[in-house]
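User: I'd like to go through this model with you, one question at a time. Could you reason briefly and finish each reply on the answer itself?

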Amino acid sequence: MNRSHALRCWMDSYRVYLRRSTLACAAIVLAWGAHAAQAQTRSPASALRTWNPTQFAPGSLADAAEGGVAGARVAQVTDALARLGFRDGDVIVAVDGRSFAEGAPVTRGPDAIYTVLRAVPGERPVLAPEVLGVQVLRQFAALPEASRTPMRLARMAANQRTLVRDGFGVVLVPAAANERDDEWLRVANPLPAVSEAALRDVADAVRSRTSLPGSPAEDEAAVRALRSEGHFEA
């Protein structure tokens, strides 16, 4: 075999190798794309049932979107869900801070904390965001000092807005987590998008409608007036 013939054979073999490698790479990419598409299209209810079939029995959940946030609605309160504190109609939008847009839940075991949008029946007066904001600030000021935290104020303002406008608020399940700022900061900071938007509405409305004192002397007078009304007391 002369040199040119050997070179042609080698080139032919190399082309076959490249073709096979290209096909293999394409197959890998296509397989990965199919897997990613499957992960992205898996519904919240299906993701929860797959993640914990014992806790989320068939028929207990249905896909839902509350305030534009994708989640799984509790359609049947089984004994397992009742023990955790779920109510009929609750919409689960995150598990341990991981939303369904980010993929399936990853926490294992019985200690997961669920971020839930919960409907609260009843009629409420339609109040402007700035009025709600002032009401929230008064309620917040009346709380014990240890309870007056930024996270508490944020969820109070967000919930007042969504309750009046949409009839639901954000809570954590199990209920014991609701009273713990560290859990809120860990799993619901930021709040679900609809609650964050409501919080911004209230904050912007209060800020735009509040007349701020224009000088140090006016500042001092305003503080004295507030103190005489009982504000700033421990």
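User: What is the volume of the second largest pocket?

Analyst: Happy to start there, bearing in mind that this is a predicted model. Its second largest pocket is lined by 18 residues, and V93, A94, G97, S99 and P192 are the closest to the centre. The volume of this pocket is about 250 Å³.

User: Which elements give two or more residues to the lining of that second largest pocket?

Analyst: Both strands and a helix qualify here. The strands are β2 (69-74) and β3 (91-95), and the helix is α6 (181-187). So the names you want, by the DSSP runs, are β2, β3 and α6.

User: By class, how many residues in the lining of the second largest pocket are nonpolar, polar and charged?

Analyst: Gly counts as polar and Pro as nonpolar, which is worth recalling with G97 and P192 among the residues closest to the centre. By class, the lining has twelve nonpolar, four polar and two charged residues.

User: Now the aromatic side chains. Why does the pair of W51 and Y114 tie together parts that are apart in sequence?

Analyst: The two rings sit 6.3 Å apart, centre to centre, with 70 degrees between the planes, an edge-to-face pair. W51 belongs to helix α2 (residues 44-51) while Y114 belongs to strand β5 (residues 114-119), so the pair ties together parts whose separation in sequence is 63 residues.

User: What geometry does the pair of F56 and Y114 have?

Analyst: F56 is in the loop between α2 and β1 (61-66) and Y114 is in strand β5, so this pair also links distant parts of the chain, 58 residues apart. The ring centres are 6.0 Å apart. Planes over 60 degrees apart count as edge-to-face, and here they are at 80 degrees, so the pair is edge-to-face.

User: Are F56 and Y114 buried or exposed?

Analyst: The cut-off for buried is under 20% relative accessible area. F56 has 1% relative accessibility, and Y114 has 2%. Both therefore count as buried.

User: Which residues form one aromatic cluster?

Analyst: A search of the whole structure finds four aromatic pairs. The pairs of W51 with Y114 and of F56 with Y114 are among them. The cluster is formed by W51, F56, F86 and Y114.

User: Where is confidence lowest in the protein chain?

Analyst: The chain averages a pLDDT of 80, and 70% of the residues score at least 70. Over residues 20-40 pLDDT stays under 50, and the model has zero contacts for them beyond four places in sequence. Strand β6 (residues 168-173) is highest at 97, whereas the lowest mean, 42, belongs to helix α1 (residues 3-41).

User: With which residues is G89 in contact, leaving aside its neighbours within four places in sequence?

Analyst: G89 is found in the loop between α3 (79-84) and β3, and at 18% relative accessibility it counts as buried. Its C-alpha atom is separated by 5.7 Å from that of R73, 16 residues apart along the chain. Its contacts are R73, V74 and L117.

User: Last one: is A141 buried, partly exposed or exposed?

Analyst: A141 lies in helix α4 (residues 129-141), and its C-alpha is 9.7 Å from that of L153, twelve residues apart in sequence. Its relative accessible area is 45%. Buried means under 20% and exposed over 50%, so A141 is partly exposed.

Definitions and conventions. Residues are numbered from 1 along each chain as its sequence is written. Side-chain values use heavy atoms; hydrogens and water are left out. On a 1 Å grid over the protein atoms alone, a cavity is a set of points where a 1.4 Å probe fits but cannot get out, and a pocket is an open set with protein on both sides within 12 Å along at least five of seven lines; lining residues have an atom within 4 Å of a point. Grid points are joined across faces, edges and corners, and a volume is the space filled by probe spheres set on the points. Helices (H or I, at least four residues) and strands (E, at least two) are DSSP runs, numbered from the N terminus. Rings of Phe, Tyr and Trp (its six-membered ring) pair if their centres lie within 6.5 Å; planes under 30 degrees apart count as stacked, over 60 as edge-to-face and the rest as tilted. Buried means under 20% relative accessible area, exposed over 50%, partly exposed in between (1.4 Å probe, protein chains only). pLDDT is the predictor's confidence in each residue, from 0 to 100. Contact means heavy atoms within 4.5 Å.
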